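Subject: Handover of a structure and its description

Dear colleague,

Please find below the structure that I am handing over to you. A description of what was found in it follows.

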Amino acid sequence: MSSNEIQVTSSTSPALHCFDRTVRVGRAATNAFVITHEQVSDEHLELRREGKKWEVVDLKSEHGTWVKGERISRAPVKGALTVRLGPDGPELTLTIPRHSSRGWTPLGFATDLAGRYFSDKEPENMSGRTAMIRAAFRAQRDLITLSWLKRIRSLRAALILAVLVAAVAGTWAILQGRRVRALRATAGSIFTTMKALELDIRRLEAAAGPDPTIADRRARLEAQYDELIKTLGIYGSGTPADVRVIYRTIHRLGECEATVPGGFIREVQRTLRQWQRVDIETAFARARTAGLGPLVTGTLRRHNLPREFFYIALQESKFDPRAIGPSGNSGVPKGLWQLIPSTAEAYGLRLGPLRGDRAFDPQDERHDPARATAAAARYLEDLYSTDAQASGLLVIASYNMGDTRMRRLLRSLPESPIERNYWSLLQRHRAAIPAETRDYVLRIIAAAAIGEDPGLFGFNRGPL
């Protein structure tokens, strides 16, 4: 063993790995140490050697590298260190073996002494006392050996049986793990096919009108997908009601439940608790009084968009058509959907004389709920059916971050819907996505879940 090796074991495997140079750990097969887990990024962390020292360096992983419950960017390895890949992911135990310096050590002295009295080879210049000790040791050893031979014979059958049982259980666990991974991959594939079919339906209907055969095919795929989700046990009758609502909300927003990263549901639950009762109930009451529920959801339905986009208006304006946002480089956002001047004009809205002022302008059509909603729906549909590849979460992120900046990031992803989704975006470009945008997505998912079942989450709301 090299005096500067690092020993690595994982909670997912008992095997010991030793490295004497810098290596990477992650899910991709190109890593020196491969761990397949949903919270492990393709290249998660690096075990970096600097001279005789080692340190753990996080590679901007999606779920982070954790030491003693704290997320770290780097940490030195001194003696032994346990790190976790993701808040609920697998653990790595890192150990740097201690090496004695040259010369006499208590351990070396004890080893020499044991060899003189107890080894099979007689030492040179052996004294009578040493010969007596060696003879007594051999006699005692022979008695112990006979006793243990009897025990070994009686335990051998039990040991063989235990090994067989362990081997069968291990093989079954491996096969079950492979089966679950295969089913998750199949679920993701079916969901992606449904998304691709949805995009095809949009193109076909735009050219030739509705095609009932395609709708039937999509319905069959939905049924197959629902059966797979039940088989996988991602959620079912025994799952807490709030978790089921959150999963279904994510599904309607165009992401596969089988590929939701571990910990994301908990992030949504934390965000649910951050919505203030007064804020959301007041906003719902305002929407109900103005008849915004039927207006907005009806417009979204005509554009074949998820009804959850209704909650973008909640996040943007609290359903206040007279709302005015902060002035920025793109101008002053106004109205129910907080459209900036350039987007409003691009989608057919007429701006008023106060377009550049932070003041209500009755001549500005952004303050007209019906006209503004129609323009916002066309804008959302353009995002949804092109670069977002029918991912509602990507549309929501684009709406907050700005479609120009977001489109550049989206176009760096593969065009396939299975790889162009919100999780892929975060994995590849997390550093480029502002925390505000990530929180914005979480708040809209949380608000949509509340809107689905207000009483479940402790809110009051009449019909919109």
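Where does Gln389 lie? Gln389 is placed in the loop between helix H10 (369-385) and H11. The model is a predicted one, and I ask that the remarks below be read accordingly.

Overall composition

The protein has 464 residues, of which 43% count as buried. Its secondary structure consists of 14 helices and eleven strands. Where contacts join residues at least 6 apart in sequence, 55% of them link residues at least 24 apart. The exposed surface of the protein comes to about 24900 Å², and carbon and sulfur atoms supply 54% of that area.

Backbone at selected loop positions

Most residues other than glycine have a negative phi. Gln389, although not a glycine, has a positive phi of about 50°. Gln389 counts as buried because its relative accessibility is 12%, and the cut-off for a buried residue is under 20%.

Lys60 is likewise not a glycine and has a positive phi, of about 55°. This residue is situated in the loop between strand S6 (53-58) and strand S7 (65-67). Is Lys60 buried or exposed? With a relative accessible area of 69%, Lys60 is exposed, since the term applies over 50%.

His63 is also found in the loop between S6 and S7. At 10% relative accessibility, His63 counts as buried. Leaving aside residues up to four places away in sequence, His63 touches Glu38, Gln39, Arg71, Gly86, Pro87, Pro261 and Gly262.

Strands S6 and S9

S6 pairs with S9 in the antiparallel sense, over four bridges. Within this pairing, Glu55 stands opposite Pro76 in S9. In a regular strand the side chains alternate between the two faces of the sheet. Strand S9 (residues 74-77) has a covered face, made up of Ala75 and Val77, and an uncovered one, made up of Arg74 and Pro76.

Helices H8 and H11

Helix H8 (310-317) is mostly covered, with seven of its eight residues buried. The buried residues are Phe310, Tyr311, Ile312, Ala313, Leu314, Gln315 and Ser317. Which helices do the buried residues of H8 pack against? Their partners are helix H6 (277-290), helix H7 (292-302), H10, H11 and H14. Just after H8 comes Lys318, which takes a positive phi of about 55°.

For helix H11 (392-401), ten of its ten residues are buried. Among them are Leu393, Leu394, Val395, Ile396, Tyr399, Asn400 and Met401. The buried residues of H11 pack against H8, H10, H12, helix H13 (422-429) and H14. H11 is followed by Gly402, whose phi is positive, near 105°.

The surroundings of Trp337

Trp337 is located in the loop between H8 and helix H9 (341-346). Why does Trp337 count as buried? Trp337 counts as buried because its relative accessibility is 1%, whereas the cut-off is under 20%. Not counting residues up to four places away in sequence, Trp337 touches Val296, Phe309, Ile312, Ala313, Glu316, Ala372, Thr373, Ala376, Leu380 and Tyr399. Of these contacts, Ile312 and Ala313 are among the buried residues of H8, and Tyr399 is one of the buried residues of H11. Trp337 and Phe319 are 18 residues apart along the chain, and their C-alpha atoms are separated by 8.4 Å.

The second largest pocket

About 790 Å³ of space lies in the second largest pocket. How many residues line the second largest pocket? Its lining has 27 residues, and those that lie nearest its centre are Ile340, Tyr399, Asn400, Met401 and Gly402. Tyr399, Asn400 and Met401 belong to H11, and Gly402 follows that helix. The lining divides into ten nonpolar, twelve polar and five charged residues.

H11, helix H12 (403-410) and helix H14 (435-452) each supply at least two residues of this lining. H12 gives the most, with four residues.

In closing, I draw your attention to Tyr399, which touches Trp337 and also lies among the residues nearest the centre of the second largest pocket.

With kind regards

Terms used
Residues are numbered from 1 along each chain as its sequence is written. This is a predicted model: local features need pLDDT of at least 70, side-chain atom pairs count only at pLDDT 80 or more; totals for chains, interfaces and linings use all residues. Side-chain values use heavy atoms; hydrogens and water are left out. On a 1 Å grid over the protein atoms alone, a cavity is a set of points where a 1.4 Å probe fits but cannot get out, and a pocket is an open set with protein on both sides within 12 Å along at least five of seven lines; lining residues have an atom within 4 Å of a point. Grid points are joined across faces, edges and corners, and a volume is the space filled by probe spheres set on the points. Ala, Val, Leu, Ile, Met, Phe, Trp, Tyr, Cys and Pro count as nonpolar, Asp, Glu, Lys and Arg as charged, and the others, Gly among them, as polar. Buried means under 20% relative accessible area, exposed over 50%, partly exposed in between (1.4 Å probe, protein chains only). Contact means heavy atoms within 4.5 Å. Accessible areas come from the Shrake-Rupley method with a 1.4 Å probe; for residues, only the protein chains shown count as cover. Two strands pair if DSSP finds at least two bridges between them.
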